[in-house]
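Trainee: I would like to go through this structure slowly, asking at each step what lies behind the words that are used for it.
Mentor: Then let us have it in front of us and begin.

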Amino acid sequence: EEFEHIKTLAPPEIRAAMDIAFLTGLRMGDILRLTHENIQEDGIHTPTSKSNRNMIYTWSDTLIAAVSYAQSINHGSTYLIANTKGDKYTESAFKSRWGKMMRKLAAERGIARFQFKDLRKKAGSDTAEDATSFLSHSSDAVTKAHYLVKPWTVKPTR
């Protein structure tokens, strides 16, 4: 409920990034690096930043809707999530925008603040699939630290 409520109050770029983060479990930097080249017929193809594991996030109706929304508001940019000028968000600029939004929501609406990276934890804990593979980890020990070579194909949470 809190996630959905915050999304309704968030600026469009943050709303789009929130959906993609929750549906894929991707880290903020990985989301900000997504371009139209990553969007392919069978899903979103992207390496993850920490492991450089090639992932394919297969399409679901919800993921299609999230990507379509991001494309509709990206100001003609090649990046899926872009600022209002159509430029790529830097991680620091996105974190700053996120922080300002969370401070405002906390002050005006009493919403508990959390970090964007917490959406990855939420995605992992909410997924019906194995969280280890969903989050591109190869062992449950760290969920986790050893990575395989071939891309994993995973389904989004919804």
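Mentor: Let us start with Met18, which, once its neighbours within four places in sequence are left aside, is in contact with Phe3, Ile6, Lys7, Ala10, Trp98, Phe116 and Leu119. Please keep in mind throughout that this is a predicted model.

Trainee: What makes Phe3 or Trp98 a contact of Met18?
Mentor: The word is used when heavy atoms lie within 4.5 Å, and both Phe3 and Trp98 are listed as partners of Met18 on that basis.

Trainee: Which residues touch the most other members of the largest nonpolar core?
Mentor: They are Met18, Ile81, Phe94, Trp98 and Phe116, in a core of 38 residues. Among the elements that give two or more residues to this core are H1, H2, H3 and strand E3 (54-58), and the largest share, eight residues, comes from H2. As a general matter, nonpolar side chains tend to be buried together in soluble globular proteins.

Trainee: Why is the pair of Lys7 and Asp19 called a salt bridge?
Mentor: The rule asks for a side-chain nitrogen of Lys or Arg within 4 Å of a carboxyl oxygen of Asp or Glu; the closest N and O atoms of Lys7 and Asp19 are 2.6 Å apart, so the pair meets the rule. The pair links distant parts of the chain, with Lys7 in helix H1 (residues 2-9) and Asp19 in helix H2 (residues 12-24), 12 residues apart. Lys7 and Asp19 also belong to a network of salt bridges together with Glu4 and Arg158.

Trainee: Are these two residues, Lys7 and Asp19, buried or exposed?
Mentor: Buried means under 20% relative accessible area; Lys7 has 12% and therefore counts as buried, and Asp19, at 16%, is likewise buried.

Trainee: Why is Arg33 called partly exposed, and which residue meets its side chain in a salt bridge at 3.0 Å?
Mentor: Partly exposed covers values between the 20% and 50% cut-offs, and Arg33 has a relative accessible area of 38%, so the term applies. The side chain of Arg33 meets that of Asp30 in a salt bridge, at 3.0 Å from N to O, and Asp30, with 1% relative accessibility, counts as buried.

Trainee: How do you know that Glu91 forms a salt bridge with Arg33?
Mentor: Their closest N and O atoms are 3.7 Å apart, and since the limit is 4 Å, the pair is accepted. Glu91 lies in helix H5 (residues 91-109) and Arg33 in the loop between helix H3 (28-32) and strand E1 (39-40), so the pair ties together parts that are 58 residues apart in sequence. By this rule the count comes to six salt bridges.

Trainee: How do you know that the end C-alpha atoms of H4 are as far apart as they should be?
Mentor: At 1.5 Å a residue, the 12 residues of H4 should span 16 Å, and the end C-alpha atoms are 16 Å apart, which agrees.

Trainee: What puts the buried residues of H4 on the same side?
Mentor: Leu63, Ala66, Val67 and Ala70 are buried in H4, and they cover an arc of only 95° around the axis, which puts them on the same side of the helix. The face turned away from this buried side carries the exposed residues Asp61 and Ser72, while the buried residues of H4 pack against H2, E1, strand E2 (43-47) and E3.

Key: Residues numbered from 1 in each chain as written. Predicted model: local features only at pLDDT ≥ 70, side-chain atom pairs only at ≥ 80, totals over all residues. Heavy atoms only, no water. Helix = DSSP H or I, 4+ residues; strand = E, 2+ residues; numbered from the N terminus. Buried < 20%, exposed > 50% of the residue type's maximum accessible area, 1.4 Å probe, protein only. Core = buried A, V, L, I, M, F, W, Y, C linked by side-chain atoms within 4.5 Å. Expected span 1.5 Å × (residues − 1). Arc of directions from axis to C-beta.
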